[in-house]
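Trainee: Got a few minutes to walk me through this one? I'd like to go over the chain contacts first and then some of the packing.

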Protein chains: 2
Amino acid sequence: MQNIKPLSGFLEKLPEEQIIEEKFKEIITKNYSLSWFTPLDTPAIERVETLTSKWWDDNEIYWVSRLKWDKEEEISLWLRFDLTVPLARYVVQHEWKLNFPFRRQHISKSWRGERAQKWRYREFYQADIDIIWEEKLPLFADTEVLFPIYKTLKEIDFWDFVININNRKLLSGFLTEIGITNTLEVISVIDKKDKVKSIEPMLEELNLEKKQIESILELINVSEELNSRKALSFFEKFDNELLKEWLSELSYTYENLLTYWVEEKYIKINPAISRWLNYYTWMVFETFIVWAEWLWSISSWWRYENLCSNFTDKKFPWVWWSIWLSRLIGVLDSLWKIEPHKKTITEILVLNTSEDLLKENLKIVKELKEMWISTELFLDWTRKFAKQIKYADNKKIPYVMIFWENEKEKNIFALKKLETWEQKTFAIKELSKVKEVFKDIN
Amino acid sequence: MQNIKPLSGFLEKLPEEQIIEEKFKEIITKNYSLSWFTPLDTPAIERVETLTSKWWDDNEIYWVSRLKWDKEEEISLWLRFDLTVPLARYVVQHEWKLNFPFRRQHISKSWRGERAQKWRYREFYQADIDIIWEEKLPLFADTEVLFPIYKTLKEIDFWDFVININNRKLLSGFLTEIGITNTLEVISVIDKKDKVKSIEPMLEELNLEKKQIESILELINVSEELNSRKALSFFEKFDNELLKEWLSELSYTYENLLTYWVEEKYIKINPAISRWLNYYTWMVFETFIVWAEWLWSISSWWRYENLCSNFTDKKFPWVWWSIWLSRLIGVLDSLWKIEPHKKTITEILVLNTSEDLLKENLKIVKELKEMWISTELFLDWTRKFAKQIKYADNKKIPYVMIFWENEKEKNIFALKKLETWEQKTFAIKELSKVKEVFKDIN
């Protein structure tokens, strides 16, 4: 017999877990669509040169090939590791057929051959939105991608999140202003602030002056408070024109978010947030779950000034926001923040009483479906009622409907609520009122 | 600059085409769910030994590997070529956590490294439903998978399809009955009947008797008529117990379909349909588009008596139905059977009139969204109105809403229908009636 053990890092769900994932996807799609992001799918496979570049660790990419090669096919293909780089290629390829500003949504899988760890999968779903324009993308776009994310996260019945905002220029500007020259090294230490008790010793190792270290620790203190206006005012003491400009960009975005009816408690200006992948050039947003001990980001945002530079000389500024769907579900589930699992999408199981009554039972099923009630007829009339009811019980189907000889004679049907075992009978001609009947049964 | 040409066999859609694919997926999901098939996703990647077996051409499978191997990871991984074999592995792996009969739906991509040709893609979507039980699966299951497929195809605004049904045992039984011994060879000739003018010369080459050839041609004639009862009666003349049994299985399924309110014109008993992949052991269904010159199957059905035999000794009989989604869209599109393309999911573009009015305009957008109207605010108030309207026009957004100084003063907004250029103004407080306003404008 063949090995059927799961592959490490590849998620596989039970039906009741899958129902939750589908529900999440539905909420995301609805909110992305209401905010006019058009769905767009791209192939899972790209040419090697599309995916590789200086910014990516090639060892994490899965290489794809056919066992038998055709001469013409001797190009190297790789599985995408995100949804962004393929979109950059797509935008350049189809530029003349697209309308800019181009807004797209994409909920799909990517693959990364990293070492699998908790909530870091080798195959994972992410749910992206992007806005891309030619040459220039107004700062207002930064505000605008937030709205559907905020609406989605609120609707996912998950209220304790905080969207952290920063402008990277502000952070490096601040470091320059206090006289730091090894900015990159210092930022990589700041990035570790949530993983260690104090970064002070690490800053000391970098030979910073005492005063510089104090300033950095003060910045981190400010960033840990849930007070965005205080964070903004922290920078006001510096008399530096560039810092002032970047500060005004950040507060412009912050004020716009409030204008968009985003409640203040869900956003936080966090000057210590940074990301050092090469292609993020401007503002960064990160969303954390408040009550999680560990700060797993479950949704992130970046602006790129020119992501398409591998494919064209033309500039395509870009904002991108992603919900890390697989991780979000994993984290929420571990925190018991996901509703008790519904084991099925079926609302009513119609018992399959006998072959003679098949036509009548099928008619009930058909009519219930026409009322948009997901209805299942048990597959086999030779199985005993107890078996059929046990099946409904195992699957947590809430109602069972019975139509047998006795019911046929009286022109009624019986509806049983499995949780309470209560049963009511109703006239067949009143089948259309079944949703009211649901409420009648205790 | 890097090569951005599309990869042969990998579909990539424009936004207006993607909207159609999403619409199809929505219709399929709705009908599959109403028929109580639970959604279930499996990884795109499987172990080599899960996918390979005697029945598959290994050269068509894409092999997946990381550039840098870890010792523990030196297992060969391949991209799935269908959704069925991974499900067989899944069912055995999770057997004790599943409720049988297990019904699942899955709309997703698979990959086959075949030579790309028209409507035969290397990356493609299929939309599957499956029913699996332990040990024994009643013949009624064969009927039951049809209903959601039939409902789906009808709802896809695509009425000219015929679902062809056959019982393979019937075909080989018939050949045996007329004294044929090289059954497989003869069936492979019968399979070619739609590709050549006449298969008579090919049958002669197989050294069949004249009478045998006549019988086969008669069978093919019968199978080409749209008269299922005639096809059934064709077999009645044979006095063979096994043939009679198989015939009764086929007519049982046919009658059940009619019981399920499937209209007769959409199903056809076609005794000449066959499939010789090793794992299809019983009945076969194929769906063709009536008015297509070429008989591209766009949806198929099979029953397997034991698909899980690679993973367990236990028997899992199985019915499976798939809509070949990528191909269906390709064929319908080429036949102009797809509605004129909507270029966008946006219904209203709110012009971005000025920075001062941003808050008011955002309020309009927010309220429209709350009414479930997909509303877009143009991204940049510095662009001229003519540019903003041209954008709406290019994207075929039907309505434009204007709220500027003039409108603010009068407490109104203006709504313009781009097709007719007609414009009406309405009181701001009547925003909730915007859907009625749509109708008022010519």
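**Chatting through the two chains**

Mentor: Sure. Ser65(A) stands opposite Trp63(B), which sits in β3(B). Keep in mind that this is a predicted model.

Trainee: OK, so which strands are joined there, and how many bridges are there?

Mentor: Strand β3 (residues 62-66) of chain A is joined to strand β3 (residues 62-66) of chain B by five bridges, and the two strands run antiparallel.

Trainee: And how many residues of each chain are in contact?

Mentor: There are 76 residues of chain B in contact with 76 residues of chain A. On the chain B side, helix α1 (residues 15-34) gives the largest share, six residues. By class, that side of chain B has 35 nonpolar, 21 polar and 20 charged residues.

Trainee: Let's stay with α1(B). At what angle do the axes of α1(B) and α5(B) cross?

Mentor: Roughly 150 degrees, and the axes of α1(B) and helix α5 (residues 146-155) of chain B come within 9 Å. Angles over 145 degrees count as roughly antiparallel, so that is what α1(B) is to α5(B).

Trainee: Is that crossing left-handed or right-handed?

Mentor: The crossing of α1(B) and α5(B) is right-handed.

Trainee: Which residues meet there?

Mentor: From α1(B) you have Ile27(B), Ile28(B), Asn31(B) and Tyr32(B), and they meet Pro148(B), Lys151(B), Thr152(B) and Glu155(B) of α5(B). That contact has four nonpolar, two polar and two charged residues.

Trainee: Switching to α6(B). Which of its residues are buried?

Mentor: In helix α6 (residues 168-177) of chain B, the buried ones are Arg168(B), Leu170(B), Leu171(B), Gly173(B), Phe174(B) and Leu175(B). After α6(B) comes Gly179(B), with a positive phi near 90 degrees.

Trainee: How far apart are the axes of α6(B) and α7(B)?

Mentor: They are 10 Å apart, and α6(B) packs against helix α7 (residues 183-190) of chain B at about 120 degrees. That angle makes α6(B) oblique to α7(B). The crossing of these helices, α6(B) and α7(B), is right-handed.

Trainee: What meets what between α6(B) and α7(B)?

Mentor: Leu171(B), Ser172(B), Leu175(B) and Thr176(B) on α6(B) meet Thr183(B), Val186(B) and Ile187(B) on α7(B). By class, the contact of α6(B) with α7(B) has four nonpolar, three polar and no charged residues.

Trainee: Now over to chain A. What is the strand order in the open sheet of five strands?

Mentor: The order is β13-β12-β14-β15-β16 in chain A, with mixed pairing. The edge strands, β13 (375-377) and β16 (423-427) of chain A, each pair on one side only. From one strand to the next, the twist averages 25 degrees.

Trainee: How do β14 and β15 of chain A pair?

Mentor: Strand β14 (residues 399-402) and strand β15 (residues 412-417) of chain A are antiparallel, with four bridges. For Tyr399(A), the bridge partner in β15(A) is Lys417(A). Helix α13 (residues 358-370) of chain A packs on that sheet, touching β12 (348-350), β13, β14 and β15 of chain A, and its direction makes about 165 degrees with that of β13(A).

Trainee: Last one: where is Thr312(A)?

Mentor: Thr312(A) is in the loop between β10 (297-304) and β11 (318-323) of chain A. With 18 other C-beta atoms within 10 Å, Thr312(A) is partly exposed. The C-alpha atoms of Thr312(A) and Val91(A) are separated by 10 Å, though the two residues are 221 residues apart along the chain.

Note on methods:
Residues numbered from 1 in each chain as written. Chains lettered and ligands numbered in written order. Predicted model: local features only at pLDDT ≥ 70, side-chain atom pairs only at ≥ 80, totals over all residues. Contact = placed C-beta atoms within 7 Å. Nonpolar A, V, L, I, M, F, W, Y, C, P; charged D, E, K, R; others polar. Pairing = 2+ DSSP bridges. Buried ≥ 20, exposed ≤ 12 C-beta atoms within 10 Å, placed from the backbone. Axes fitted to C-alpha atoms, helices over the stretch in contact; angles between N-to-C directions. Parallel < 35°, antiparallel > 145°, perpendicular 65-115°, else oblique. Left-handed = near helix turned anticlockwise from the far one by under 90°.
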